[in-house]
Amino acid sequence: MKAASSALFLEFSLLCEKLSSTSSNSEKVRLLASYLRNLESEDLGIAVDFLLGRASRVRSSEGRANVAFATVRDALCQVVTFSDDQLLQLYKEHGDLGEVAMELLSSGHAAPLVRGQLTLKRIRDGMDDIASAQGSGSEKRKVMTLTGLLLDSSPLEAKYLIKILTSDMRIGVSEGFIAEAAAEAFSVGKEAVRKAYLLVNDMSKVAVMAKEGRLSDAGFSLFTPIRPMLAEPASSARQIIDDMGRCYVEDKYDGIRLQVHKKGGEVRLYSRAMDDVTRFFPEIVEQISRLNEDFALDGELIYEAGGRLRFFSLQKLLRNEGRREKHPLKFVAFDALYAKGRSLLDLPLVERKRELFALGYDNCAPFKEVSAPEDLERAFKDSIARGNEGIVAKDPESTYQPGARGKRWFKLKKALDTLDVVVIGAQYGNGKRKGLLSDYVFAVRRSRDDPTLVPIGKAYSGLTDEELRDYHDFFMRNKIGEKGNTVWVLPRLVIEVGFQSIQRSARYESGYALRFPRIISVRADKKLDEIDDLQRVEDLFKAQG
Ligand code: AMP
């Protein structure tokens, strides 16, 4: 089953095929467990990463090992002949680049006489090489590396190679399944695996710890960010009170989620996706490092003067330093995760708040205790009057549950809600915007469990020309094909759209259309699996009355 020193990629690909063709959760766990059980530690870590669509651990300058569509196309071109039209047609049929690669290679590709063997380690090395390529000539190097791997791939291996590279696995395997499978494979408790995962926040590390009997080493540690706890959308103040009774209510700030870790003179900042973003906010580092204690805080980065704070990319933020001087930022802390040398995650919110306010930090989010819907409504109105987005209501007895949207925190936003969607195509504008992609076609997920994208609308963007040009380039790098006036792109850019109302409509596959849609912000901090689904569209549609 194994090559000299690493497991075969073909076995991995076959496992993925089996996983995607079963809808039984217990069968998925069984398949995973019997595969993972036989792997050496290093392969185990790689396999878990790949199953979760994590190609490489090397961070590129953008913070992630993203590869442009053009890179994949250029590498495919080296091993098989096809036209642009054929490529677009295939993508439209499958909606999945991995399937496209498999189909293209099935038609016969330029395989070498003696095919090299693809192992997990070899693929990982290739992915690392692609992720670390930078500067001039990097595009060529990426294409060469990928071509090398594709030449040794069977069509099935090519499918999963591309899926891993584009972080688009769609095999219905989440961290939860891996946790269960690791428990089964290595005969350890599910709860122990789950707990370690919440703290270590890295399933491949946890799987290896489970294999090596080291789960009890897991603990919250400074400079290892954890997944932020999330809030469930609520439709009314009454619903929140019915659910929780007494709660703490805070303003919902319109900024960027940030986790701040401090130990001695060192301060590090982490985004919602747990990327290290310290270098982008020197002023926050400076403010925090003045404090005495060591701690980890959860909160929101906002404009000191209020107003919406969202960026297309952090790189762009750096370019706009002048703006920062005129519009200073501040970090509002609403939770404490670690203080006085110990983790606070298992303490109820009441006590975490006490620890937070004891730190002597000037910008802790004010909160109030309420138990009547009218008080919650008043808090909501006050927050809107202060220019914030709404409120977040939290159960004072709840522990901090990393990554969970678990009905212990509720968010209530302005009357007319917005949708988080992903851009799947863009159209050229007119007049001043001729030649510039300026109308975006977007989609939501079919359901929480089904990641298929269903189109729901098109919005003329309210972005500046400079921003439009940035996106234009971004879309061209992720272009799959072009038909008529529309450029179809890989679903990578998450945006928040506002609208006047939702209507039923046969125009889009979703069965709904948005009236007067407009782009409110680009959610560079959100990933594809965090966009809204059709269920939420339906809920909003019904809520309109
Ligand atoms: P949304 O981005 O609409 O999914 O809302 C959730 C986000 O609201 C969180 O991830 C935070 O970034 C943000 N937020 C703003 N104020 C608070 C608060 N007081 N408590 C928790 N989250 C907040």
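Which ring does the charged end of Lys394 sit over? I looked this up before anything else, and the ring belongs to Trp409, with its centre 3.9 Å from that charged end.

**Entry: confidence.** A reminder to myself that this is a predicted model. I found a mean pLDDT of 89 for the protein, with 93% of the residues scoring at least 70. Among the elements, helix H17 (residues 349–357) has the highest mean, 98, and helix H15 (residues 314–319) the lowest, 61.

**Entry: Lys394 again.** I went back to see what else Lys394 does. Its side chain meets that of Glu250 in a salt bridge, 2.9 Å from N to O. The two partners are 144 residues apart: Glu250 is in strand S2 (residues 247–252) and Lys394 in strand S9 (residues 390–394). I checked burial too, and both Glu250 and Lys394 are buried. I also noted another lysine over a ring: Lys353 lies over the face of Phe367, 4.7 Å from the ring centre.

**Entry: the other salt bridges.** My search of the whole structure gave 45 salt bridges. I picked out Arg141 and Asp129, whose closest N and O atoms are 2.7 Å apart. This pair joins helix H8 (residues 138–151) to helix H7 (residues 120–132), across twelve residues of sequence. Arg141 counts as partly exposed because its relative accessible area is 37%, between the 20% and 50% limits. Asp129 is also partly exposed, at 25%. I then found a network in which shared partners join Asp49, Arg54, Arg57, Arg124 and Asp202.

**Entry: the core.** I turned to the nonpolar side chains next. The largest nonpolar core has 77 residues, and Phe9, Phe12 and Leu51 are among those with the most contacts inside it. I listed the neighbours of Phe12 beyond four places in sequence, and they include Tyr35, Phe50, Leu120 and Met169. A second, separate core holds 31 residues, including Val421, Leu437, Tyr440 and Phe442.

**Entry: rings.** I counted 13 aromatic pairs. Phe9 and Phe12 are stacked, at 5.6 Å centre to centre with 15° between the planes. They are three residues apart in helix H1 (residues 9–21), so about one helical turn separates them. Both Phe9 and Phe12 are buried. Tyr440 and Phe475 gave me a contrasting geometry: their planes are at 80°, so the pair is edge-to-face, with centres 5.1 Å apart. Tyr440 is in strand S12 (residues 437–445) and Phe475 in helix H19 (residues 465–477), so this pair ties together parts 35 residues apart in sequence. Tyr440 and Phe475 are both buried. My last note is a cluster: ring pairs link Phe9, Phe12, Tyr35 and Phe50.

Terms used
Residues are numbered from 1 along each chain as its sequence is written. Side-chain values use heavy atoms; hydrogens and water are left out. pLDDT is the predictor's confidence in each residue, from 0 to 100. Helices (H or I, at least four residues) and strands (E, at least two) are DSSP runs, numbered from the N terminus. A nonpolar core is a set of buried Ala, Val, Leu, Ile, Met, Phe, Trp, Tyr and Cys residues joined through side-chain atoms within 4.5 Å. Buried means under 20% relative accessible area, exposed over 50%, partly exposed in between (1.4 Å probe, protein chains only). Contact means heavy atoms within 4.5 Å. Rings of Phe, Tyr and Trp (its six-membered ring) pair if their centres lie within 6.5 Å; planes under 30 degrees apart count as stacked, over 60 as edge-to-face and the rest as tilted. A charge sits over a ring if NZ of Lys or CZ of Arg is within 6 Å of the ring centre and within 35 degrees of the ring normal. A salt bridge is a side-chain nitrogen of Lys or Arg within 4 Å of a carboxyl oxygen of Asp or Glu.
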